[in-house]
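Colleague: Hi, could you pull up the model so we can talk through its charged side chains?
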Amino acid sequence: MLCEKCKKNEATVHMTHYVSGKSVTKHLCDECFRKENENSPVENFGSSFAEILFNIKKFASTVKTAAEAADTADSGPECPRCGLSLNKLRNSNGQLGCPECYQTFKVMIKDTIANIQSGTIHLGKRPPSKKAVTPALREAEIAKLQEEIKKLIAAEDYEAAAVCRDRITALRTAEESDHDGGEA
């Protein structure tokens, strides 16, 4: 098989790339492969399997060194009180250095909690046999319905928005009656 680029030499390098979910295969000679990848770390691998195996360890240490340099170059926000940086926080298994860290890393903490849980409001656990609505569950439901109302109004679905509004009113009424019943 001839090289796809120069159409002169025998293709000795066969590369498969995945672009937008489709595989694209290139068949190149050694010379065209080196020209195409001269500014890439791949050029240092070589074109034969033996060269690749020999150079892969050297390449891995280069990548690790570059990643470490990138980590130290831009560490993101830093706590003004204790000096904890975002990179140090990531490497500390999420242990914050002081109370001020909660404010400094507020956005990252909130995003992380939202990714781990099904939201940022702690609803607690309750046995499946208990059907009682806790205040936290009620507030979460109200917040969800308020967001739904905004979407429905934007979509001009006023009837569905009214149903959500009525559900919020019912939840708030139930909450008030729980407070009144608990005080008597």
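Modeller: Sure, and let me begin with Asp166: it has 43% relative accessibility, so it counts as partly exposed. Keep in mind that this is a predicted model.

Colleague: Which side chain meets Asp166 in a salt bridge?

Modeller: That is Arg165, with an N to O distance of 3.0 Å. Arg165 is partly exposed too, at 48% relative accessibility.

Colleague: Nice. How many salt bridges does a search of the whole structure find?

Modeller: Three. One of them joins the side chains of Lys150 and Glu147, at 3.6 Å from N to O.

Colleague: And where do Lys150 and Glu147 sit?

Modeller: They are both in helix H6, which covers residues 135-154. Because they are three residues apart there, about one helical turn separates them.

Colleague: Is Lys150 buried or exposed?

Modeller: Lys150 is exposed, with a relative accessible area of 55%. Its partner Glu147 has 43% relative accessibility, so Glu147 counts as partly exposed.

Colleague: Switching helices, what goes on between Lys35 and Glu31?

Modeller: Their side chains form a salt bridge, with 3.3 Å between N and O. Both residues belong to helix H1, residues 30-36, and lie four residues apart, about one turn of the helix.

Colleague: Why does Lys35 count as exposed?

Modeller: Because its relative accessibility is 51%, and the exposed class begins over 50%. Glu31, with a relative accessible area of 46%, is partly exposed.

Key: Residues are numbered from 1 along each chain as its sequence is written. This is a predicted model: local features need pLDDT of at least 70, side-chain atom pairs count only at pLDDT 80 or more; totals for chains, interfaces and linings use all residues. Side-chain values use heavy atoms; hydrogens and water are left out. A salt bridge is a side-chain nitrogen of Lys or Arg within 4 Å of a carboxyl oxygen of Asp or Glu. Helices (H or I, at least four residues) and strands (E, at least two) are DSSP runs, numbered from the N terminus. Buried means under 20% relative accessible area, exposed over 50%, partly exposed in between (1.4 Å probe, protein chains only).
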